[in-house]
Amino acid sequence: MPLDPEVLNEVERSLDRCGANPAFLDRFYEVFLASSPKVLAMFEHTNFYRQKRALQASLHGMLLHARGAGPEPDPYLLEVAKRHSRGQLSIGAELYDLWLDSLLVTVKEFDPQCTPEILAAWEQAMTQGIQFFLTHY
Ligand code: HEM
């Protein structure tokens, strides 16, 4: 179900404020990799220059998805979801909890205008995208 566009605008503005600080995605991966040895091991051979740019694009994809922009899923987000599915990266549901918590912690640190409402909006928007990933597991 598409989310309230106003709520999503809040998230988009928050993402812009976070992204204004070049350390945002570095910090996200620092928090996420520290959240579990399992996560750390999965990113052992990752090129983070590339990974951070891909994540940036997919965060916008997640927001587009939550807007329910059209009848077809965003083809880029679909590719990323399939990459995480069984048989490829095999990312189970419990790891998405760590991903989401890490993202919320980082947003709280980096958005100077962060409020509990904005964090709740992030959580709603990302939960929709995570559902989409899990649907394609
Ligand atoms: C909905 C949440 C997530 C989003 C939006 C996301 C996004 C992405 C994107 C865009 C890529 C790069 C795909 C490519 O172009 O190669 C990627 C790769 C990857 N993701 Fe995720 N991801 C999410 C959740 C997770 C979780 C929970 C894990 C668990 C550890 C995870 C582990 C990985 C790994 C291991 C890679 C491959 C890194 C490499 O190429 O070395 N992701 N993810």
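Is Ser85 buried or exposed? In this predicted model, Ser85 has a relative accessible area of 8%, so it counts as buried, the cut-off being under 20%. Let's start there and work outwards.

**The loop between α5 and α6**

Ser85 sits in the loop between α5 and α6. Leaving aside residues up to four places away in sequence, Ser85 touches Ser90, His136 and Tyr137. One of those partners, Ser90, is found in the loop between α5 and α6 too. Ser90 is partly exposed, because its relative accessibility is 34%. Take a look at its backbone as well: phi of Ser90 is positive, near 55 degrees, and this residue is not a glycine. For background, most residues other than glycine have a negative phi.

**Helix α4**

Now hop over to α4, which runs over residues 48-67. With 20 residues, this helix reaches 28 Å from its first C-alpha to its last, close to the 28 Å expected. At its start, a side-chain oxygen of Asn47 comes to within 3.0 Å of the backbone nitrogen of Tyr49. Tyr49 has another partner: the charged end of Arg53 sits over the Tyr49 ring, 4.0 Å from the ring's centre. At the other end, α4 is followed by Gly68, and the phi of Gly68 is positive, near 60 degrees.

Which residues of α4 are buried? They are Lys52, Leu55, Ser58, Leu59, Gly61, Met62, Leu63 and Ala66. These buried residues pack against α1, α2, α5, α6 and α7.

**Aromatic pairs**

The structure holds 9 aromatic pairs. Here are two of them:

| Pair | Ring centres | Angle between planes | Type |
|---|---|---|---|
| Phe28 and Trp99 | 5.9 Å apart | 70 degrees | edge-to-face |
| Tyr96 and Phe133 | 5.9 Å apart | 75 degrees | edge-to-face |

The Phe28 and Trp99 pair links distant parts of the chain, with Phe28 in helix α2 and Trp99 in helix α6, 71 residues apart. Both Phe28 and Trp99 are buried.

The other pair ties together parts that are 37 residues apart in sequence, because Tyr96 lies in helix α6 and Phe133 in helix α7. Tyr96 has a relative accessible area of 7%, so it is buried. Phe133 counts as buried as well, at 8% relative accessibility.

Finally, which residues form one aromatic cluster with Phe28 and Trp99? The cluster takes in Tyr29, Phe32, Phe43 and Phe48 along with Phe28 and Trp99.

Notes: Residues numbered from 1 in each chain as written. Predicted model: local features only at pLDDT ≥ 70, side-chain atom pairs only at ≥ 80, totals over all residues. Heavy atoms only, no water. Helix = DSSP H or I, 4+ residues; strand = E, 2+ residues; numbered from the N terminus. Expected span 1.5 Å × (residues − 1). Buried < 20%, exposed > 50% of the residue type's maximum accessible area, 1.4 Å probe, protein only. Contact = heavy atoms within 4.5 Å. Polar contact = N/O pair within 3.5 Å; in protein donor to acceptor, adjacent residues only side chain to side chain. Phe/Tyr/Trp six-rings, centres within 6.5 Å; stacked < 30°, edge-to-face > 60°. Lys NZ or Arg CZ within 6 Å of the ring centre and 35° of its normal.
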